[in-house]
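This briefing sets out the fold, the sheets and the charged side-chain pairs of one protein chain. Please consult the sequence and the structure alongside the points that follow.

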Amino acid sequence: MSIEQEQEQLMIEIKGLSKSFGNFQALKGIDLSIKKGTVFGFVGPNGAGKSTTMSILATLMIPTSGYAKVDGLDVTEHPHLVRKKIGYMPDFFGVYDQLKTDEYLHFYGASYGLTKPERDALIPQLLELVNLSDKREAYVDSLSRGMKQRLCLARSLVHDPELLILDEPASGLDPRARIEMREILKELKSMGKTIIISSHILPELAEMVDEIGVIEHGEMIAVGNISNIQQQLMAKRLITIKLANGQDQLKVFLGDHSLVQGMFVDGASVQVQFSGNDEEQANLLRSIIEAGYPVVSFHEAQTDLEDIFLAITRGGASEQ
């Protein structure tokens, strides 16, 4: 595939993107590419640079250096064209309480130049998509937080954008509302939308996204699918070796192993922090058996998403 063809498949292209506020550097030269049709999770602690990056993509902020492109359009050079392609849902959304739900969507549809017949045809579809059809005549201020969140999502879809930028869309929602939001995002993905979702909670993104990007202190520290991120961020594996006897002797035996970073005895088991790959882990087991130790079981502990997030948020950053 040629470079031109690869670029045609990209919805987002970010190179060397930096943003400073006085002496504070919010972004430090990040690079990121997102293909069309991808659901991308943007994760990091509060203040890491997620909202700054998304604001630049939404043409609400000008970068200090570097560039960001949406479907080949530079967000700084062609902001009006970019805005036609994006639907942006900020983390603090605004609603007009004295409007009914359908009036609210009519207002935004008219703002994007849709005629009344177009809006009359579109709004029932949007309300059905976000499960608010029965709230069409309800005033916005009577809606629950989850309903308002879904209404703002419908608002961001009113002009049929190719890219959705959703900043903390599940923030403050109860478990049922989170599930409803997740199902809506799956439906949008099936419609071919490219979606960027930010969160400071990795587990809530795991079932929604194709790839994630991890940002901390304004720097991209990992990009890939969940399993790749796990491998990049959790270099040390925790291996549990259960023996019939000889736990203390095994600890001594492994003491000089170059890939063993730490050990402790836990009853009949020895817990080993191991920095090798799968083949090296197999070699470790072979050496233990050949040395005559009675191995009952040998397995790697599965690192959960909370552990990965703790590895990501090593101290966090100050709030932006």
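**Salt bridges and overall architecture**

Aspartate 102 is buried, its relative accessible area being 10%. The model under discussion is predicted. Its protein chain contains twelve helices and 14 strands. Two open sheets are described below, one of six strands and one of four strands.

**The pair of aspartate 102 and arginine 136**

- Aspartate 102 takes part in a salt bridge with arginine 136, and the closest N and O atoms of the two are 3.6 Å apart.
- Aspartate 102 belongs to helix α4 (residues 101–111), while arginine 136 sits in the loop between α5 (116–129) and α6, so the pair ties together parts that are 34 residues apart in sequence.
- Arginine 136 has a relative accessibility of 28% and therefore counts as partly exposed, whereas aspartate 102, at 10%, is buried.

**Other salt bridges**

- The count of salt bridges comes to eleven.
- One of the pairs is aspartate 71 with lysine 36, where the closest N and O atoms are 3.0 Å apart.
- Because aspartate 71 lies in the loop between β4 and β5 and lysine 36 in the loop between β2 and β3, this pair ties together parts that are 35 residues apart in sequence.
- Both partners count as partly exposed: aspartate 71 has a relative accessibility of 22%, and lysine 36 has a relative accessible area of 40%.
- A salt bridge also links the side chains of lysine 85 and glutamate 162, at 3.0 Å from N to O.
- Lysine 85 is part of helix α3 (residues 79–85) and glutamate 162 lies in the loop between α6 and β7, so the pair ties together parts that are 77 residues apart in sequence.
- Lysine 85 is buried, with a relative accessible area of 17%, while glutamate 162 is partly exposed at 34%.
- Lys36, Asp71, Lys85 and Glu162 are joined into one network by salt bridges that share partners.

**The six-stranded sheet**

- Six strands form an open sheet in the order β6-β7-β8-β3-β9-β10, and their pairing is mixed.
- Strands β6 (86–89) and β10 (219–224) are the edge strands, each pairing on one side only.
- On average, neighbouring strands of this sheet are turned by 15° against each other, direction ignored.
- Helix α6 (residues 145–156) lies across β6 and β7 (163–167), and runs at about 160° to β6.
- Helix α7 (residues 175–190) lies across β3, β7 and β8, and runs at about 150° to β8.

**Strand β3 within that sheet**

- Strands β3 (residues 39–43) and β8 (residues 194–199) run parallel and are joined by five bridges.
- Valine 39 has isoleucine 195 as its bridge partner in β8, and valine 43 has serine 199 as its partner in the same strand.
- Strand β9 (residues 211–216) also runs parallel to β3, with four bridges between the two.
- The bridge partner of glycine 41 in β9 is isoleucine 212.
- Strand β3 is mostly covered, five of its five residues being buried.
- Val39, Gly41 and Val43 point one way from β3, Phe40 and Phe42 point the other way, and all are buried.

**The four-stranded sheet**

- Four strands form an open sheet in the order β2-β1-β4-β5, with antiparallel pairing.
- Strands β2 (24–35) and β5 (73–74) stand at the edges with a single partner strand each, so one side of each has no neighbour in the sheet.
- Strand β4 (residues 65–70) and β5 run antiparallel and are joined by two bridges.
- Lysine 69 has aspartate 74 as its bridge partner in β5.
- Helix α2 (residues 50–57) packs on this sheet and touches β1 (10–21), β2 and β4, its direction making about 120° with that of β1.

**Chain-wide values**

- Of the 320 residues in the protein chain, 46% are buried.
- Among contacts between residues at least 6 apart in sequence, 68% join residues at least 24 apart.
- The accessible surface of the protein chain comes to about 15,800 Å², and 49% of this surface belongs to carbon and sulfur atoms.

Methods. Residues are numbered from 1 along each chain as its sequence is written. This is a predicted model: local features need pLDDT of at least 70, side-chain atom pairs count only at pLDDT 80 or more; totals for chains, interfaces and linings use all residues. Side-chain values use heavy atoms; hydrogens and water are left out. Two strands pair if DSSP finds at least two bridges between them. Axes are lines fitted to C-alpha atoms, for helices over the stretch in contact, and angles run from 0 to 180 degrees between N-to-C directions. Contact means heavy atoms within 4.5 Å. Buried means under 20% relative accessible area, exposed over 50%, partly exposed in between (1.4 Å probe, protein chains only). Accessible areas come from the Shrake-Rupley method with a 1.4 Å probe; for residues, only the protein chains shown count as cover. A salt bridge is a side-chain nitrogen of Lys or Arg within 4 Å of a carboxyl oxygen of Asp or Glu.
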